[in-house]
Amino acid sequence: MVVLANARIFDGHTMRPGMSSVVVDGNIITAVGETAGRDGNDVIDVGGMTVMPGLITSHLHPDFYKFDIFSGEKPGKELPPGVMMAIGVRTCRVLLESGFTGYAGAGCAHDIDAQLKMAIAQDIIPGPRIRACGHHIGTTGDMNNRSRWWKRYETPGIDLCGDGPDAIRMMVRQEISRGVEIIKVFAGAGHGIPNATSRNISRDELSSLVRTAHERGAKVRAHVADKEMILECLDLGVDIIDHGDEIDQECIDLMVAAGTFWVPSLVYLWSLLEIGYAAKFGVTPALYDHVREMLPVAQQAGVRILLGDDYSGVFRTMIEDDPLDHQVGNYGREFAFYSEIDGLSPAEVLTWGTSNAGQLLVDAPATVGVIAPGALADLIVVDGDPLADPTLLSRPDEALKAVFRDGVLVIDYLPTSKAPTERSTALGREVRR
Ligand SMILES: [Zn+2]
């Protein structure tokens, strides 16, 4: 048993008053309280630092890295599969070094999510808790399949296409048989992907996809931006709305009733506006402002909002210090980014990357993303108060003092650390470049 004593605790919902202890037995948090576990055991006095759930990002492409969006190439085909996997391994390390102990995939080539999950479970590499996603499922000639038809590919990259409810059903079953736990569908255009029409899949195909995934215990996430397609996704039982740029009160009411997750992923739109490419990609400042206005409304209504975005490093040559580069600290910037929106508090935004995300990351009865008895012991120690200063979470080199992944102390920069050098870890050290 390990006891983290003398800790300020953000439990995934609120900051507890005063100082408390957290007791971890194996990979489970067994007790939280003022005097919990003070009777011996392995006590680590964190000296008033904040203990909180490990952070979770809920829209991640582990293999997107320095992709040239203007090349006309297909994501997932820019490098050989083994190199793409190496990028995924690097992403896992960057996540842990950033205090992120979990991610829900949003699409990858070569079943990289599921294979990373396997490698982590077998202790081959260190990495976060993963809810694996697979290919982008779409249809023949759709917005991911329309260009360069004369280039036939031996591997599909990230995009898979099929037509008709039967073919889609088989694709979903094949994805799940390879370890996928979230089916990603490109339901509609938008959010920086323009198309002549919004619809990217027929209603009967989408219905088949959702039903088949649910029959096999998988969740469904949909890339969708315009209201009509959002309503169709909600009607058919899609679990996660990715982007959802035109979400309004009607959508919000339906999402609350169904318990639908929403990943606004607004940093991508911000980046397009910042580099002056928004119009070219079908994004307007008004649309960006609309999402910012809807977020507090959705939060108040009870929508389960999540953090996560299209990290890829594609803006690294256009934006100084690209916020969507897979670099240590960047994932944590979203906390401050959303906390600055009128009507949202830092504590609310912090739930998006902890307790809300935990509900997607693992299936009940398991719980994660909270500091509570019975929860999986993914937690971090932060020097400072992330509610008073959400930017702390984007400065892990300064503020992140420890990371417990499944009960194991994988990063230890605590004053009590027995590590040989101040900042060295079993994971090596990330150098920004
Ligand atoms: Zn994405």
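Of the 433 residues in the chain of this predicted model, 58% count as buried. Display the whole chain before selecting any part. The C-alpha trace spans about 65 × 45 × 45 Å along its principal axes. The radius of gyration is 21 Å, which agrees with the value near 22 Å that a compact globule of 433 residues would have. Colour by secondary structure to bring up 12 helices and 18 strands. Among contacts between residues at least 6 apart in sequence, 70% join residues at least 24 apart.

**Stop 1: the N-terminal strands**

Select residues 2-9, 20-25 and 28-33, which are strand 1, strand 2 and strand 3. Strand 1 and strand 2 run antiparallel and are joined by 4 bridges. To locate this pairing, label Ala7, which stands opposite Ser20 in strand 2. On to the next pair: 5 bridges join strand 2 to strand 3, again in an antiparallel arrangement. Here Val22 stands opposite Val32 in strand 3.

Now centre on the turn of the hairpin formed by strand 2 and strand 3, where 2 residues lie between the strands. Gly26 in this hairpin takes a positive phi near 65 degrees. Is strand 2 enclosed or open to the outside? Of its 6 residues, 5 are buried, so strand 2 is largely enclosed by the rest of the structure. While the side chains are displayed, recall that in a regular strand they alternate between the two faces of the sheet.

**Stop 2: the zinc ion**

Select the zinc ion, then add its donor residues. Which atoms coordinate the zinc ion? They are NE2 of His59, NE2 of His61 and OD of Asp310, at 2.0 to 2.1 Å. The donor residues follow the spacing H-x1-H-x248-D in sequence. His59 lies in strand 6 (residues 55-60), whereas Asp310 lies in the loop between strand 15 (304-305) and helix 9 (333-339). This pair is 251 residues apart and links distant parts of the chain.

Turn on the surface to examine the same two donors. His59 has 0% relative accessibility and therefore counts as buried. Asp310, at 12%, also counts as buried, because the cut-off is under 20%.

**Stop 3: from strand 6 to strand 8**

Keep strand 6 displayed and add strand 7 (residues 100-105), in which 6 of the 6 residues are buried. Strand 6 and strand 7 run parallel, with 4 bridges between them. Leu60 stands opposite Gly105 in strand 7. Follow the chain from strand 6 through helix 1 (residues 81-97) to strand 7 to trace a right-handed β-α-β crossover.

Add strand 8 (residues 129-131), which is joined to strand 7 by 3 bridges and runs parallel to it. The bridge partner of Ala104 in strand 8 is Arg131. The path from strand 7 through helix 2 (residues 112-121) to strand 8 is again a β-α-β crossover, and this one is right-handed.

**Stop 4: the cysteines**

Finally, select the cysteine residues. How many disulfides does the whole structure hold? A search finds 0. Begin with Cys133, whose nearest cysteine sulfur, that of Cys108, is 6.3 Å away. Cys133 counts as buried because its relative accessibility is 0%.

Move next to Cys233. Why does Cys233 form no bond with the closest cysteine sulfur? That sulfur, in Cys251, is 10 Å from the sulfur of Cys233, which is too far for a bond. At 0% relative accessibility, Cys233 likewise counts as buried.

Technical notes. Residues numbered from 1 in each chain as written. Predicted model: local features only at pLDDT ≥ 70, side-chain atom pairs only at ≥ 80, totals over all residues. Heavy atoms only, no water. Donors = N, O, S within 2.8 Å, 3.2 Å for Na, K, Ca; no water. Buried < 20%, exposed > 50% of the residue type's maximum accessible area, 1.4 Å probe, protein only. Pairing = 2+ DSSP bridges. Disulfide = S-S within 2.5 Å. Right-handed = clockwise from strand over helix to strand, strands pointing away. Rg over C-alpha atoms; globule rule 2.2 N^0.38 Å. Contact = heavy atoms within 4.5 Å.
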